[in-house]
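The following note is offered to a colleague who is meeting this structure for the first time. Please read the points with the model in view.

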Amino acid sequence: MTGRAIDAKVGFYPSWWNKNYGICMGREYFHNPAYRVEVNLKQQKYLYERFGHLDMGRANPAPEPLIDYGMVLLPEVFGCEVVFEDDALPWAMPLNLSDQEIMDLEVPDVINSPPMQRLITQMDCLQSKYGRISGSINPTGVQNLALKIRGDQLYIDYFENPELAHKVLSVSTQAILQLTAYMKKRTGILAPGVTPMARPEIFVTPNCTVFQISNETFETYILQYENMLAEAYPPFGIHHCGSGDEVSQGYAKVKNLVFLEVGPNTDLVSLRQLMPEVHINARVDPVRMLNCTPEEIAGDVRHLIDTGGPLDKLSIDAVGCDYGTPDQNVEAMLKTAREYSMAKTS
C-alpha cells in the first residue's frame with residue numbers, strides 16, 4: 001500500500017521577502033491591486049527558483065487576482081490608524097475608547113464605509129480584468145477587534161465592567177457578520193485571508209489574542225459571540241495563536257467547528273481527545289525555524305505527526321518565517337512532513 005503525505009506548507013513573513021528580494025509589502029501592496037498581482041507573480045517565480053524541488057512556487061505562474069488587506073480592514077472602519085511598513089504586516093493602532101465612548105458605540109455600516117468601498121473597487125477591477133477574485137478579507141476576530149476599539153482596558157473590563165465588555169464584543173461581532181455576509185455572497189471564499197490550510201469555503205476566525213485569557217474568561221465572554229459567527233456561516237474554523245491548551249475546553253463548545261489551527265507547544269493528544277472529528281492544523285514554531293538545526297526541525301515535525309493523528313485530519317505548516325530562516329530548515333520541515341507521514345500510512 002502506498003502511503004499518503006499530509007498537507008504541509010511554509011509561509012514567509014514580509015521581512016523575508018523584503019530583505020531577500022527587495023519586495024515591498026507596504027501601503028501600495030494593499031491599495032494597488034495591479035501591484036499586488038505583479039508582486040504575487042514575482043513571489044511564485046522566486047519560490048520556484050529557490051524551492052521548486054519542494055513543490056513550492058511555479059515556473060510560469062498565471063496572474064492571480066488576489067484581494068488582501070491583512071487584518072486591518074475592520075479596525076480601519078472603526079477609525080483606527082493603520083501603519084504600513086515595507087517589511088511587516090499592516091498594523092492598526094488601538095483607539096482606546098473611553099467608557100462613555102464604548103457605551104455610545106454603534107455598529108458601523110461596514111459595506112458603505114470608505115475602507116470597504118475602496119476594497120470593493122479593487123474587487124470590481126480584478127473581477128472585470130480576470131473574471132474572478134482569489135484570496136479573502138481577514139475578519140479580524142471578535143476579541144482582536146474589540147481590543148483595537150477598547151485597548152488593553154478590555155482585559156480589566158472582563159473583571160470590573162462586564163456590561164461594557166459585552167457591549168464592545170457585541171458591536172465587534174455584528175461588524176464581522178456584515179463583512180462575512182458580503183464576502184460569502186461576493187466570492188464564497190472565507191478562509192485564505194486567515195490561513196491557507198483550511199478549505200477556502202470555511203469561515204475561519206483569527207483568535208490571535210485569545211491565548212492571553214483563561215478558559216473561564218473565554219467561555220464567559222467570547223464563546224457566545226464565536227457561536228454567533230459559527231451558526232451564521234458554517235462550517236466554522238478557528239486560527240489560534242500560541243498554545244491552545246488553556247482554552248481547548250472552550251473551543252470544544254464552539255458549534256459547527258470543523259477546523260482548528262493551533263500554535264506550537266499545544267498538547268495535540270489532549271486536543272484530539274476533545275475534538276476527534278475536527279481537522280487540526282499544527283504549526284512549527286517560526287522562531288525554531290529561524291534558530292534550530294534541520295535535525296531539530298525534523299524532530300519537531302515528527303512529534304506533531306506522532307501526536308496529532310489521525311493523519312487524515314492533520315496538517316502542518318510553518319507560518320511567519322523571518323529573514324534569516326535557513327533554507328535547509330524549510331527543506332527539513334517539508335521533506336520530513338511528506339516522508340514521515342507517508343511512512344506511517346504505508
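At what angle do the axes of helix α8 and α9 cross, and within what distance do they come?

1. The model under discussion is predicted. In it, the axes of helix α8, residues 153-160, and α9 come within 6 Å of each other and cross at roughly 130°. Because angles between 115 and 145 degrees fall among the oblique ones, α8 is oblique to α9.

2. On the α8 side, the contact is made by L154, D157, Y158 and E160, and α9 contributes P162, L164, A165, V168 and L169. By character, the residues of this contact comprise 7 nonpolar and 2 charged, with no polar ones.

3. Helix α9 has 25 residues, which at 1.5 Å a residue should span 36 Å; the C-alpha atoms at its ends are 36 Å apart, so the two values agree. After α9 comes G188, with a positive phi near 75°.

4. The largest nonpolar core of the model has 100 residues, and F12, M123 and M333 have the most contacts inside it. Helix α9, residues 162-186, supplies the largest share of this core, with 11 residues.

5. The surroundings of M123 deserve a separate entry. Leaving aside residues up to four places away in sequence, M123 touches I67, M116, I133, I137, Y182, M183 and R186.

6. A second core, separate from the largest one, has 7 residues. Among them are A191, V194, M197 and V204.

Conventions. Residues are numbered from 1 along each chain as its sequence is written. This is a predicted model: local features need pLDDT of at least 70, side-chain atom pairs count only at pLDDT 80 or more; totals for chains, interfaces and linings use all residues. Side-chain values use heavy atoms; hydrogens and water are left out. A nonpolar core is a set of buried Ala, Val, Leu, Ile, Met, Phe, Trp, Tyr and Cys residues joined through side-chain atoms within 4.5 Å. Buried means under 20% relative accessible area, exposed over 50%, partly exposed in between (1.4 Å probe, protein chains only). Helices (H or I, at least four residues) and strands (E, at least two) are DSSP runs, numbered from the N terminus. Contact means heavy atoms within 4.5 Å. Axes are lines fitted to C-alpha atoms, for helices over the stretch in contact, and angles run from 0 to 180 degrees between N-to-C directions. Angles under 35 degrees count as roughly parallel, over 145 as roughly antiparallel, 65 to 115 as roughly perpendicular and the rest as oblique. Ala, Val, Leu, Ile, Met, Phe, Trp, Tyr, Cys and Pro count as nonpolar, Asp, Glu, Lys and Arg as charged, and the others, Gly among them, as polar. The expected span of a helix is 1.5 Å times one less than its number of residues.
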